[in-house]
Amino acid sequence: MATPKLIGISGSLRADATNTKLLAEAARLFGACDYTLADINFPLYNGDDEAATGVPAAVQQVADLIGGADAVIISTPEYNKGPSGALKNALDWISRAEGSPWNDKPVAVMSAAAGRAGGERAQMILRGFMVPFRPRILQGPEIHLAGSGEAFDDNGHLKGEIYVKELTALMQALRGMI
């Protein structure tokens, strides 16, 4: 089997986002793979803009990455008890791109947040957002990284043994879906 292509989508646009760090850890624990972090810093979706100029090239590029990937990992922060606007906007734009990149795609969802629930509500809402796209979303183990600002060491690795164990199990399950 060729080296699997793994695409990461972080729901946070921040430079030092813990969700982006969590995705990097997931890719590391996934094992040998060709990992790419997608850039979802898209303009706000506006149907009038789409009608006037079409789907932005950056959106089509991410849709093509998803379509060509063997699997996708998504990590969302929790903003006001839901996923970030940036992530929802990206999903809306990608739904307008050519093809159906999510259809039957293995997807692992996780969350990292400062609060004690680790983004659990945001993750559940994100799973609902994904339903129309018909991916194969893993049901577990669920990763809700609480207190995410303190969860990584200086090398970007998770500190908590339980989180490493559960994230490794999730990545093994994702690898098994390919």
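These legends walk through close-up views of a predicted model.

**View 1. Here is the largest pocket and what lines it.**
Rolling a probe the size of a water molecule over the atoms shows where empty space is left. In this view, the largest pocket comes to a volume of about 240 Å³. Its lining is made up of 14 residues. To get your bearings, look for Arg14, Ala17, Thr18, Asn19 and Ser148, which lie nearest the pocket's centre. Sorted by class, the lining holds six nonpolar, five polar and three charged residues.

**View 2. Ser10 and Thr20 meet through their side chains.**
Ser10 sits in strand 1, which covers residues 5-10, while Thr20 belongs to helix 1, residues 18-30. Their side chains make a polar contact at 2.9 Å. Is Ser10 buried or exposed? Ser10 counts as buried, because its relative accessibility is 5% and the cut-off for buried is under 20%. Setting aside neighbours within four places in sequence, Ser10 is in contact with Asn19, Thr20, Leu23, Leu37, Ile40 and Ser75. Leave out the same kind of neighbours for Thr20, and its contacts are Ser10, Ser12 and Leu37.

**View 3. Tyr45 and Trp93 make an edge-to-face pair.**
A pair of aromatic rings is described by the distance of the centres and the angle of the planes. The count for this model comes to two aromatic pairs. In the pair shown here, the ring centres of Tyr45 and Trp93 are 4.8 Å apart, with 75° between the planes. Tyr45 lies in the loop between strand 2 (34-37) and helix 2 (47-53), and Trp93 in helix 4 (residues 85-95), so the pair ties together parts that are 48 residues apart in sequence. Tyr45 is partly exposed, at 30% relative accessible area, whereas Trp93 is buried, at 2%.

**View 4. Trp102 and Phe133 form a stacked pair.**
Why does this pair count as stacked? The planes of Trp102 and Phe133 are at 20°, with the ring centres 6.3 Å apart, so the pair is stacked. Trp102 is in the loop between helix 4 and strand 4 (106-112), and Phe133 is in the loop between helix 5 (120-130) and strand 5 (136-137), so the pair ties together parts 31 residues apart in sequence. Trp102 is buried, with a relative accessible area of 2%. Phe133 is buried too, with a value of 18%.

**View 5. Ile143 is a buried residue in a loop.**
You'll find Ile143 in the loop between strand 5 and strand 6 (144-145). Its relative accessible area is 3%, so Ile143 counts as buried. Which residues does Ile143 touch, not counting those up to four places away in sequence? They are Leu22, Met110, Ser111, Gln123, Glu166, Leu167 and Leu170. For a sense of scale, the C-alpha atoms of Ile143 and Leu65 are separated by 24 Å, and these two residues are 78 residues apart along the chain.

**View 6. These are backbone spots to look at: a cis peptide bond and two positive phi values.**
Most residues other than glycine have a negative phi, and most peptide bonds are trans. Gly140 and Pro141 are joined by a cis peptide bond, with omega about 5°. Pro141 lies in the loop between strand 5 and strand 6. Lys81 isn't a glycine, yet its phi is positive, about 70°. Lys81 is placed in the loop between strand 3 (71-76) and helix 4. Arg134, also a residue other than glycine, has a positive phi near 60°. Arg134 lies in the loop between helix 5 and strand 5 and is exposed, with a relative accessible area of 61%.

How values were computed. Residues are numbered from 1 along each chain as its sequence is written. This is a predicted model: local features need pLDDT of at least 70, side-chain atom pairs count only at pLDDT 80 or more; totals for chains, interfaces and linings use all residues. Side-chain values use heavy atoms; hydrogens and water are left out. On a 1 Å grid over the protein atoms alone, a cavity is a set of points where a 1.4 Å probe fits but cannot get out, and a pocket is an open set with protein on both sides within 12 Å along at least five of seven lines; lining residues have an atom within 4 Å of a point. Grid points are joined across faces, edges and corners, and a volume is the space filled by probe spheres set on the points. Ala, Val, Leu, Ile, Met, Phe, Trp, Tyr, Cys and Pro count as nonpolar, Asp, Glu, Lys and Arg as charged, and the others, Gly among them, as polar. Helices (H or I, at least four residues) and strands (E, at least two) are DSSP runs, numbered from the N terminus. A polar contact is a pair of N or O atoms within 3.5 Å; within protein, one must be able to donate a hydrogen and the other to accept it, and residues adjacent in sequence count only if both atoms are side-chain atoms. Contact means heavy atoms within 4.5 Å. Rings of Phe, Tyr and Trp (its six-membered ring) pair if their centres lie within 6.5 Å; planes under 30 degrees apart count as stacked, over 60 as edge-to-face and the rest as tilted. Buried means under 20% relative accessible area, exposed over 50%, partly exposed in between (1.4 Å probe, protein chains only).
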